[in-house]
Every structure is written in structure tokens, then in C-alpha cells.
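Trainee: I'm new to this structure, and I'd love a close look at its interior. Please take me through the hollows and the packing, with a few spots around them.

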Amino acid sequence: YSDTWADPGKQFTPAAWASLDDAALGDTLYNYTARVLKAMKEAGAEPDFVQTGNEISYGMLWGPVNGTLKQCWPSSDSNWSRFTTLLGRAVAATRDACPNAKVILHVERVSTSQQNDNKQYAALKNFFTRMAKANIDYDIIGLSYYPYFHGPLDELDGAISTLESNWPSKKIMVVEAGYPYAWGVGGTTFDYTGTFDYSDEGQKAFTDSLVTMLNKHGNVNGLFWWWPE
């Protein structure tokens, strides 16, 4: 739901929707989602999974770039009701258009170093607690995990254990994961090369270790690599 790629730092409302009030934005969001899914079904590409927003830890559809961004911060109640109302419209359109598809809510707060909270995963728990209070209808918790941003595998392991303990009925997918084979990624904040060097062999060893860890968790039912090049 953006004119460019969306991530935790960029969830800008598309320019064509920027002047809409929240009620009209919700209607537009519903109609757009339903129209896209209808077109996919008619083309023979009905999805099995629908992710209503990409890495929406701090909300989505923040508002015009030069206006009020309407971000959602864990420490503040501001904007969460607006966000969950919009998210509910996106989910409703998905249920109506593709009733067999599983709905994924995708976040990326899987590192305690991002939260400085002594391994309590406060931001992650806050997000899904708010989803429960807002009665958001979804099936799968989607996570991003990049060790060069999020830290070692035990950070993800702890995040998944926290989610399984608090939301045992939800399946969990790592919908984005990756590790370099040749060069470091710009903005890298954690150096894992002492364990997995940047080589074909190092990349494979990381992937094997990731899969082994995920297989310990009964609620995990998916892993997706990003990005192939």
C-alpha cells in the first residue's frame, strides 16, 4: 500500500490517496485490495497467502510525505486505532475476495537489540497484543530476519518462542530471510562472519542452521528467502 517499497521506516500513503480522510481511505483500501485479488483469481493466480502490508511494525498509510505521518509507536496509543481500522478493512477485503487464503501480519521487531529490553521482545508483544485487542482477523504471524541487522540466530529463536507462548493458536512464518555469499549489505550492524563467512559455503551453513532452529518450533510452517541475487 505504497508508491514505493514499504518497510518500517517508509509507509507513506500513495499520492493518489493522500487527500482522503480516514473513512474514504478505508473504503479505497478495501476496494483496491478486493480489485487486485479479483484480477489475480481471474488470471488463474489465486493466492494461498495474503500479506496485508509489508513490515507494518509501526503501522502503514502514514499520510502524505510532507504532512502528519500518523506513525504507531509502542510507547504511545496515538494512531493505533486508525491503523487497526484500516488494517481491518484490508483483511475484510481479503476474506471476501479470497476466502481460502491465509492472512499474514508481517512485522520485523525480532531483535532485542532493536528494543533494548533485556530479551523481553516488548515491541513484538505490544504489536500482537494490540492486534488481539482490536480483533484483527489473521492466521499467520510473518517475520523478517536478517542477521546482519537483527543479530544471531538465538535472537530469532527467542522471538519465536515468545510468540508461541503468547499466541499459541497462530502459525509463524519467516517471510523474509537472507544472508550474503559475497559481500556485506549496506547498513550492516551485526557482523556474523566469525560464524558464517561471506561465501557459498558460509551462506549454506547459515541457511542450514536457520532451518534446523526453525524445525524446533511446532508453530513455524514457512520460510522464504529474500532476495535471490
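Mentor: Let's settle one word first: buried means under 20% relative accessible area, exposed means over 50%, and partly exposed is in between, with a 1.4 Å probe and protein chains only. By that rule His150 is buried, because its relative accessible area is 4%. Keep in mind that this is a predicted model, where local features need pLDDT of at least 70, side-chain atom pairs count only at pLDDT 80 or more, and totals for chains, interfaces and linings use all residues. Residues are numbered from 1 along each chain as its sequence is written, and side-chain values use heavy atoms, leaving out hydrogens and water.

His150 sits in helix α4 (helices are DSSP runs of H or I with at least four residues, strands are E runs with at least two, and both are numbered from the N terminus). If you look from His150 to Gln71, you'll span 22 Å between C-alpha atoms, for two residues 79 places apart in sequence.

Helix α4 also brings us to the hollows. They're found on a 1 Å grid over the protein atoms alone: a cavity is a set of points where a 1.4 Å probe fits but cannot get out, a pocket is an open set with protein on both sides within 12 Å along at least five of seven lines, and lining residues have an atom within 4 Å of a point. Points are joined across faces, edges and corners, and a volume is the space filled by probe spheres set on them.

The largest pocket takes up about 420 Å³. It has 18 lining residues, and Trp5, Ala6, Asn54, Glu55 and Glu176 come closest to its centre. Two elements, α4 (147–150) and β4 (171–177), each give two or more residues to that lining.

The second largest pocket holds about 320 Å³ of space. Its lining is made of 14 residues, with Tyr1, Val36, Leu37, Val50 and Gln51 closest to the centre. Here the elements giving two or more residues are α1 (22–42) and β1 (49–51), and α1 has the largest share, at five residues.

Stay on α1 for a moment, since Lys38 is placed in that helix. Unlike a buried residue, Lys38 counts as partly exposed because its relative accessible area is 49%. From Lys38 to Val107 the C-alpha atoms are 26 Å apart, with their positions 69 residues apart along the chain.

Val107 takes us to the closed hollow. Searching the whole structure turns up one cavity of 30 Å³ or more, and the largest cavity has a volume of about 50 Å³. Around it you'll find Ser57, Tyr58, Pro74, Trp80, Val107, Arg109, Ala123, Leu124, Asn126 and Phe127. Helix α3 gives the most to this lining, with four residues.

Now for the packing. A nonpolar core is a set of buried Ala, Val, Leu, Ile, Met, Phe, Trp, Tyr and Cys residues joined through side-chain atoms within 4.5 Å. The largest one has 47 residues, and Phe128, Met131, Leu143 and Leu156 touch the most other members. Plenty of elements give two or more residues to this core: α1, α2 (80–97), β2 (102–107), α3 (122–133), β3 (140–145), α5 (153–166), β4 and α6 (200–214). Helix α2 has the largest share, six residues. Zoom in on Met131: leaving aside residues up to four places away in sequence, it touches Trp80, Phe83, Thr84, Leu87, Leu105, Ile136 and Tyr138, where contact means heavy atoms within 4.5 Å. You've met Trp80 already, as one of the residues lining the largest cavity. There's also a second, separate core of five residues, including Leu37, Val50, Ala97 and Ala101. Leu37 and Val50 are also among the residues closest to the centre of the second largest pocket.

Two cysteines are worth a glance too. Cys72 counts as buried because its relative accessibility is 0%, and Cys98 is buried as well, with a relative accessible area of 0%.

Last, some backbone oddities. Most residues other than glycine have a negative phi, and most peptide bonds are trans. Asn79, in the loop between β1 and α2, has a positive phi of about 80 degrees, and counts as partly exposed at 25%. Asn135, in the loop between α3 and β3, has a positive phi near 60 degrees, and is exposed at 67%. The peptide bond from Trp226 to Trp227 is cis, with omega near 5 degrees; Trp227 is in the segment after β5 (220–225).
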